[in-house]
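Student: Please take a close look at a single part of this model, and then follow the connections to the rest. I would like the geometry and the side-chain contacts in one connected account.

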Amino acid sequence: MSIELNHTIVHARDKDVSARFLAGILDLPVGAEWGPFLPVVLSNGVTLDFVDVGPAEIQPQHYAFLVGDAEFDAAFAHIRRTGLTYYADPFHQQPGDINRDFGGRGMYFQDPDGHNMELMTVPYGAAPAH
């Protein structure tokens, strides 16, 4: 059997708000609640299982999504339409800009719990297209 990432748990103050926030940007459905989790299933079958942690401090994590050009365009339009601040870099030093790393496009934004979300059209280390 090959080794694949199956799911990860995403801590949230309100799992419904956080799951719907990300699902709205990625144009994905929010799955049915299962136990304490509210899943968002990605195209490759990996599930982000949002779970409420209440008022506890959340340690921000980084989640990177490889998307096609059409999905990037749709997500970028959604982000601009809703007035969400986005950045060209992971340290949020270049607001209102996207990057063109490896010949693609990428951006970062925060979810409602401070997780650093990334959208990119070309994976890191890929040779630029000619």
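Tutor: One convention is needed for the angles: axes are lines fitted to C-alpha atoms, for helices over the stretch in contact, and angles run from 0 to 180 degrees between N-to-C directions. The model is predicted.

The part to look at is the sheet that contains strand β2. Three strands make up this open sheet, in the order β1-β3-β2, and the pairing is mixed. Strands β1 and β2 are at the edges with a single partner strand each, so one side of each has no neighbour in the sheet. On average, neighbouring strands are turned by 30° against each other, direction ignored.

The mixed pairing can be taken apart strand by strand. Between β1 and β3 there are six bridges, and the two strands pair in the parallel sense. Ala12 has Asp52 in β3 as its bridge partner. On the other side of the pairing scheme, β2 and β3 (residues 47-52) run antiparallel and are joined by five bridges. Here Leu38 stands opposite Phe50 in β3.

An edge position does not settle whether a strand is buried or exposed. In β2 (residues 37-41), four of the five residues are buried, so the strand is largely enclosed by the rest of the structure. The cut-off behind that statement is a relative accessible area under 20%.

The hairpin of β2 and β3 has five residues between its strands, and Gly45 in this hairpin has a positive phi near 90°. Asn44 also belongs to the loop between β2 and β3. Asn44 has a relative accessible area of 61%, which means it is exposed. A polar atom of the Asn44 side chain lies 3.4 Å from the backbone nitrogen of Val46.

Helix α1 lies across β1, β2 and β3, and its direction makes about 150° with β3. Within α1, Arg20 and Asp16 form a salt bridge, with N to O at 2.8 Å. These two residues are four apart in the helix, so about one helical turn separates them. Arg20 has 48% relative accessibility and counts as partly exposed. Asp16 is also partly exposed, with a relative accessible area of 33%. As for the hairpin loop, the C-alpha atoms of Asn44 and Asp16 are separated by 22 Å, with their positions 28 residues apart along the chain.

Just ahead of this helix, a link leads to the rest of the chain. Arg13 and Asp113 meet through their side chains in a salt bridge of 3.2 Å, N to O. Arg13 is in the loop between β1 (7-12) and α1 (15-26), while Asp113 is in the loop between β5 (106-110) and β6 (116-120), so that the pair links distant parts of the chain, 100 residues apart. Asp113 is buried at a relative accessible area of 7%, whereas Arg13 is partly exposed at 43%.

Asp113 leads on to another sheet. This sheet is open, with three strands in the order β4-β6-β5 and mixed pairing. Its edges are β4 (62-66) and β5, each with a single partner strand, so one side of each is left without a neighbour in the sheet. The average twist from one strand to the next is 20°. Strands β5 and β6 run antiparallel, joined by five bridges, and Gln110 has Asn116 in β6 as its bridge partner. Helix α2 packs on this sheet and touches β5 and β6, its direction making about 40° with that of β5.

A further salt bridge involves α2: Asp69 pairs with Arg105, with 3.4 Å between the closest N and O atoms. Asp69 lies in α2 (residues 69-82) and Arg105 in the loop between α2 and β5, so the bridge ties together parts 36 residues apart in sequence. Asp69 is partly exposed, with a relative accessible area of 48%, while Arg105 counts as buried at 17%. Asp69, Asp73 and Arg105 are joined into one network by salt bridges that share partners.

The count of salt bridges comes to five. Among them, the pair of Asp113 and Arg13 connects the loop between β1 and α1 with the loop between β5 and β6.

Key: Residues are numbered from 1 along each chain as its sequence is written. This is a predicted model: local features need pLDDT of at least 70, side-chain atom pairs count only at pLDDT 80 or more; totals for chains, interfaces and linings use all residues. Side-chain values use heavy atoms; hydrogens and water are left out. A salt bridge is a side-chain nitrogen of Lys or Arg within 4 Å of a carboxyl oxygen of Asp or Glu. Buried means under 20% relative accessible area, exposed over 50%, partly exposed in between (1.4 Å probe, protein chains only). Two strands pair if DSSP finds at least two bridges between them. Contact means heavy atoms within 4.5 Å. A polar contact is a pair of N or O atoms within 3.5 Å; within protein, one must be able to donate a hydrogen and the other to accept it, and residues adjacent in sequence count only if both atoms are side-chain atoms.
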